[in-house]
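Reader: I am new to this structure and would love a close look at one part of it. Could you walk me through it slowly, please?

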Amino acid sequence: MEGLRLQSLGGAALLPAPRRGGDRLRARASVRGGVRQLAVSIDDLRLAQDAVVADGHAVNGRAQAGAAAAVVPQEDRAAGKLRAVADAAADRAEMHDIIGRQRDNWNHLLLHSTNSLTLAASAMAALAPAAPSAVALRASAGALFAAAAVTMAAANKIQPSQLAEEQRNATRLWRQLERDVRYRAAAAAVVTDADVQEAMDRVLALDAAYPLPLLPGMLEKFPKTLEPARWWPKRQVKIKPAAQPKAINGARRSATAGNGWTQDLEDEMRGIVRVLRAKDEHEYVTAGKLVLTLNRGLAVAGPALAGTAAVAAAFAGAGEAGSWGSGAAVLCGALAAAVNTVEHGVQLGMLFELCRNVAGFYRKVQEDIEACLDEADVDRRENGEVFETKVALLLGRSTSDLRQFREMASPSFKDEDIKDFAGKLF
């Protein structure tokens, strides 16, 4: 195509400089007779226009990419927080495992060392009346009995076997939390701040349930009342709408079915909750109270007997009074060793903690079922068949075994008529 010539006298012809892609605009300038000429083809102008439009699209594309990049980091931050919670849970599990092994060693060492002190002191007190150096034996026996009394009192205060059981259970729960959080971070399409907050609440609840420090912050070893252990956060009570289905036995009965849920399945779950509360949890709370009473009595008797033996050893020696003092020291020392063996050898503290944990386990199953049934919209619940399978596995039963609990959801069925336990696992 013939070029278009633009001429200007006494100055240069000015054309707007193209932005990016302007190299495609080929201008031919020549000077003829003092006149500066600039030649531009129409095709070149069209190419330059296309380049400008393309650059505009590129700028818009970069702006959209920047907007998308502003959204992605927020999701990445939530996922990063969730991974940080999982890492913290793994670290807590390792710490509790190490401390649990250490406190289990305490239980064995304190048990054997205290019994050794007590029996050695009893032997010295028995030999004191016939020994020429009765004073030395009396002093040695008294010192060993006093040391045994102090050691018993310290061990009874902290209950090493109970401390070890706390850490063992905490290790299992922290590992479970780590698995749950990592699964949530990997399986969820989008990780939200609500997921992070839920994980943080579980971490704080576990920290409060099983503290790491020994003093201060240690759990009360001889509480006035026994409450099931709680290692999960308290659920917020949802405000129910004004219109609710008719309540039977204090529980809302759903009139709809779907998402694997039926009326029979809901009755089955309500019956399980009733049996867990009336039988399983009550059974372990009662057993825990008995163990606590026995352990409290032995914790007082052991140091008292060792202290009495220390006082009696001071009077051991020749003569009738010395023989009585020696016999009292030997008897009290033997009884102190027996009491210490029953308390820490049988590990009554561990049994008490086990009862608390099992009662808490059944309490958690109850609350999980109630939280699921309180959701009015069945589509927002977990799938009914999957939920039934989970409950059956937690209780150590098959799904077919759970059907026997349907009739127990009826208000006409009395608690006294419940004979069987819901859980078979413990």
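Which residues does Ile272 touch, not counting residues up to four places away in sequence?

Author: Happy to help! Please keep in mind that this is a predicted model. Leaving out residues up to four places away in sequence, Ile272 touches Ile369, Val391, Leu395, Leu402 and Phe405.

Let us begin with the helix that holds Ile272. Helix α5 covers residues 263–313. With 51 residues at 1.5 Å a residue, α5 should span 75 Å, and its end C-alpha atoms are 74 Å apart, which agrees. Along the way, α5 bends by about 45° at Leu276.

Next comes the core around Ile272. The largest nonpolar core has 47 residues, and Ile272 is one of the four that touch the most other members, together with Trp231, Met269 and Ile369. Several helices feed this core: α1 (42–127), α3 (160–187), α4 (193–209), α5, α7 (348–373) and α8 (384–395) each supply at least two of its residues. A second core, separate from this one, has 11 residues, among them Phe222, Leu226, Val291 and Val339. As background, nonpolar side chains in soluble globular proteins tend to be buried together.

Now for the charged side chains, starting with α5 again. Glu281 forms a salt bridge with Arg363, and their closest N and O atoms are 2.4 Å apart. This pair links distant parts of the chain, since Glu281 belongs to helix α5 and Arg363 to helix α7, 82 residues apart. The two partners also fall into separate classes of accessibility. Glu281 has a relative accessible area of 8%, so it is buried, while Arg363, with 26%, is partly exposed. A network of salt bridges links Arg230, Arg235, Lys364, Glu367 and Asp368. In the whole model, the count of salt bridges comes to 23.

Another of these salt bridges joins α1 to α3. Asp87 pairs with Arg182, with the closest N and O atoms 2.8 Å apart. Here too distant parts of the chain are linked, with Asp87 in helix α1 and Arg182 in helix α3, 95 residues apart. Asp87 counts as partly exposed because its relative accessibility is 46%, and Arg182, with a relative accessible area of 36%, is partly exposed as well. Arg182 has another partner in Glu178, and their side chains meet in a salt bridge at 3.1 Å, N to O. Both Arg182 and Glu178 sit in helix α3, four residues apart, or about one turn of the helix. Glu178 has a relative accessible area of 19%, which puts it under the 20% cut-off, so Glu178 is buried.

While we are in α3, take a look at Glu166, which also lies in this helix. At 2% relative accessibility, Glu166 counts as buried. Setting aside its neighbours within four places in sequence, Glu166 is in contact with Tyr210, Leu219, Lys221 and Glu353.

Let us turn to the aromatic rings. The count of aromatic pairs comes to six. In one of them, the ring centres of Trp261 and Phe387 are 5.8 Å apart and the planes are at 40°, so the pair is tilted. This pair links distant parts of the chain, with Trp261 in the loop between β5 (251–252) and α5, and Phe387 in helix α8, 126 residues apart. Trp261 counts as buried at 2% relative accessibility, and Phe387 is buried too, with a relative accessible area of 8%. Phe361 and Tyr362 have ring centres 5.5 Å apart and planes at 65°, so that pair is edge-to-face. Phe361 and Tyr362 are both buried. Along with Tyr284 and Phe426, Phe361 and Tyr362 form one aromatic cluster.

One last stop is Ser326, found in helix α6 (residues 319–345). Ser326 counts as buried, at 5% relative accessibility. Apart from its neighbours within four places in sequence, Ser326 is in contact with Ala125, Ala126, Pro129 and Ala316.

To return to your starting point: Ile272 touches Ile369, and both are among the four residues that touch the most other members of the largest nonpolar core.

Terms used: Residues numbered from 1 in each chain as written. Predicted model: local features only at pLDDT ≥ 70, side-chain atom pairs only at ≥ 80, totals over all residues. Heavy atoms only, no water. Expected span 1.5 Å × (residues − 1). Bend = angle between axes of the 7 residues up to and from the residue. Core = buried A, V, L, I, M, F, W, Y, C linked by side-chain atoms within 4.5 Å. Buried < 20%, exposed > 50% of the residue type's maximum accessible area, 1.4 Å probe, protein only. Contact = heavy atoms within 4.5 Å. Salt bridge = Lys/Arg side-chain N within 4 Å of Asp/Glu carboxyl O. Phe/Tyr/Trp six-rings, centres within 6.5 Å; stacked < 30°, edge-to-face > 60°.
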